Amino acid sequence: MSSKVKDIKSNRPFIISGPCSAESREQTLATCRALADTGRVNMLRAGAWKPRTMPDTFEGAGRIALEWLREARLETGLDYGVEVANGRHVELALQYGARMVWIGARTTISPFAVQEVADALKGIDGVSLLIKNPLVPDISLWEGALQRFISAGIPARNIALVHRGFALFNHGRYRNSPMWHIVLEMRRRNPHFALLCDPSHIAGRRELLGEVSQRAADLLFDGLMIESHICPDEALSDSMQQITPSDLPQLLDSVHWRSPTGNDAGFGDRMDKLRSEIDAIDENVFSLLSRRMGIADEIGGMKREVGITILQQERWSAIVERFRRLSPSLGLSEEFVMRILDAIHEESIEHQNSVMNDNR
Ligand code: PEP
Ligand code: MN
């Protein structure tokens, strides 16, 4: 049997949509039918078991949800996927004809649970597996999960990675913070796997789905998993982030899926020229940083002789203030400037520390 994940890369953008949870037969069928009618969806999704952070919230309808989904599949001709968190879930999902299963962020974080799901999928082909990023921004948990499925013999072509944002203490604009650099590093290390974005769980609010989806498209993701509900305001889970199936086409139309390569004449040459400029600048930036750290070593030596602390609070505060003021005229966000400055300061302290506390 062919696998849908195998098709993700060649069907960019691959769109998975469906309710956060399958709540009732009527809600599941109405949502899936309306999604199929848009003609824009490659696969349906719904949660039958919902690992919720807080007790006393809707934890899914369980096995019976699979009956509704099986019916939706027969009626619409679209395959469906469900979230699984243990071996029993996998067994039931396969029994009810799910062609895709995924492990959620709360499962990816848990090696025993991941191993149990991987064992249950052993030797099974023709079923796609999505691995959501773990709740915390720890790339090795994500890679560890991937490794467990590969070791269980799941073919790489059946596996896709999903970015759904990370749970941080300070979320800022989004419900779960996207950390694109972590995802891009994950893809750099594991280039053979399809990469999807789940803008619903990142955004947490339907108004922000477009901008998150656009970012994913610009970073060469292969598709999106978007939650939709026939009546979002009445949804038993994640109601603020779900959209109606009839709003889905408009959302999808608002996202530009630019091609990774340009075919206009001269594009390649211009791009090569600009990239070589960037490479040269990056080399300069790092050789300047290296010189800067050489000076930090000398300062560390002087502080050691005189017997004063590494951190000189006033000097550090003055540097921070100076660059805070400079950031607008540099055309750089204050947040970026502060992040770079922090990293430089940290490295500088490390250098001084090794000079001062070197016991030779
Ligand atoms: C979901 O997709 O419904 C879900 C619970 O996702 P996550 O694991 O990303 O929170
Ligand atoms: Mn959800």
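The following exercises, each with a worked solution, concern a predicted model of a protein.

**Exercise 1. Describe the overall make-up of the protein: its secondary-structure elements, its extent and its share of buried residues.**

Solution.
Step 1. The secondary structure consists of 14 helices and eight strands.
Step 2. Along the principal axes, the C-alpha trace extends over about 80 × 50 × 40 Å.
Step 3. The protein has 360 residues, and buried residues account for 44% of them.

**Exercise 2. Determine how the eight strands are arranged and how neighbouring strands are turned against each other.**

Solution.
Step 1. The strands form a closed barrel in the order S1-S2-S3-S4-S5-S6-S7-S8, and the pairing is parallel.
Step 2. On average, neighbouring strands of this sheet are turned by 25° against each other, direction ignored.
Step 3. One of the pairings joins strand S7 (residues 194-197) to strand S8 (residues 223-227) in parallel through two bridges. Within this pairing, Leu 196 has Gly 223 of S8 as its bridge partner.

**Exercise 3. Work out the surroundings of strand S2: its side chains, its paired strands and the crossovers that lead into and out of it.**

Solution.
Step 1. Strand S2 covers residues 43-46. Met 43 and Arg 45 point one way from the strand, Leu 44 and Ala 46 point the other way, and all are buried. Burial here refers to a relative accessible area under 20%.
Step 2. On one pairing, strand S1 (residues 14-18) runs parallel to S2 and is joined to it by two bridges. Ile 16 finds its bridge partner in S2 at Met 43. The chain passes from S1 through helix H2 (residues 25-38) to S2, a β-α-β crossover that is right-handed.
Step 3. In another pairing, S2 and strand S3 (residues 80-83) are parallel and share three bridges. Arg 45 has Gly 81 of S3 as its bridge partner. A right-handed β-α-β unit is made by S2, helix H3 (residues 63-76) and S3.
Step 4. Two residues of S2 thus appear both in the side-chain pattern and in the pairing: Met 43 is buried and partners Ile 16, while Arg 45 is buried and partners Gly 81.

**Exercise 4. Analyse the salt bridge between Glu 185 and Arg 188 and place it in its network.**

Solution.
Step 1. As a general principle, side chains of opposite charge can pair when their charged atoms come close.
Step 2. For Glu 185 and Arg 188, the closest N and O atoms are 2.9 Å apart. The cut-off for a salt bridge is 4 Å, and the pair forms one.
Step 3. Both residues lie in helix H8 (residues 180-189), three residues apart, which means that about one helical turn separates them.
Step 4. Glu 185 has 24% relative accessibility and is therefore partly exposed. Arg 188, with a relative accessible area of 58%, is exposed.
Step 5. A network of salt bridges links Glu 143, Glu 185, Arg 188 and Arg 189. The count of salt bridges comes to 24.

**Exercise 5. Examine the salt bridges Arg 205 to Glu 207 and Asp 218 to Arg 258 with regard to distance, exposure and position in the chain.**

Solution.
Step 1. Arg 205 and Glu 207 meet through their side chains in a salt bridge of 3.3 Å, N to O. Arg 205 is partly exposed at a relative accessible area of 32%, and Glu 207 is exposed at 53%.
Step 2. Asp 218 and Arg 258 likewise meet in a salt bridge, at 2.7 Å from N to O. This pair links distant parts of the chain, 40 residues apart: Asp 218 is in helix H10 (residues 209-218), and Arg 258 is in the loop between helix H11 (248-253) and helix H12 (267-306).
Step 3. Asp 218 has a relative accessible area of 42% and is partly exposed. Arg 258 is also partly exposed, at 46%.

**Exercise 6. Identify the residues of the nonpolar surface patch and the helices that supply them, then locate Glu 334.**

Solution.
Step 1. Leu 326, Leu 330, Leu 332, Phe 336 and Ile 340 make a nonpolar surface patch of about 390 Å².
Step 2. Helix H13 (313-330) and helix H14 (334-356) each contribute at least two residues to the patch.
Step 3. Ile 340 belongs to helix H14. Its relative accessible area is 39%, so Ile 340 is partly exposed.
Step 4. Glu 334 is also placed in helix H14 and is partly exposed at 37% relative accessible area. Between Glu 334 and Arg 324 the C-alpha to C-alpha distance is 6.0 Å, with their positions 10 residues apart in sequence counted as separation.

Notes
Residues numbered from 1 in each chain as written. Chains lettered and ligands numbered in written order. Predicted model: local features only at pLDDT ≥ 70, side-chain atom pairs only at ≥ 80, totals over all residues. Heavy atoms only, no water. Pairing = 2+ DSSP bridges. Helix = DSSP H or I, 4+ residues; strand = E, 2+ residues; numbered from the N terminus. Axes fitted to C-alpha atoms, helices over the stretch in contact; angles between N-to-C directions. Buried < 20%, exposed > 50% of the residue type's maximum accessible area, 1.4 Å probe, protein only. Right-handed = clockwise from strand over helix to strand, strands pointing away. Patch = residues over 30% accessible without salt bridge, like charges linked within 9 Å, V, L, I, M, F, W, Y side chains within 5 Å. Areas by Shrake-Rupley, 256 points an atom, 1.4 Å probe, with all protein chains shown as cover.
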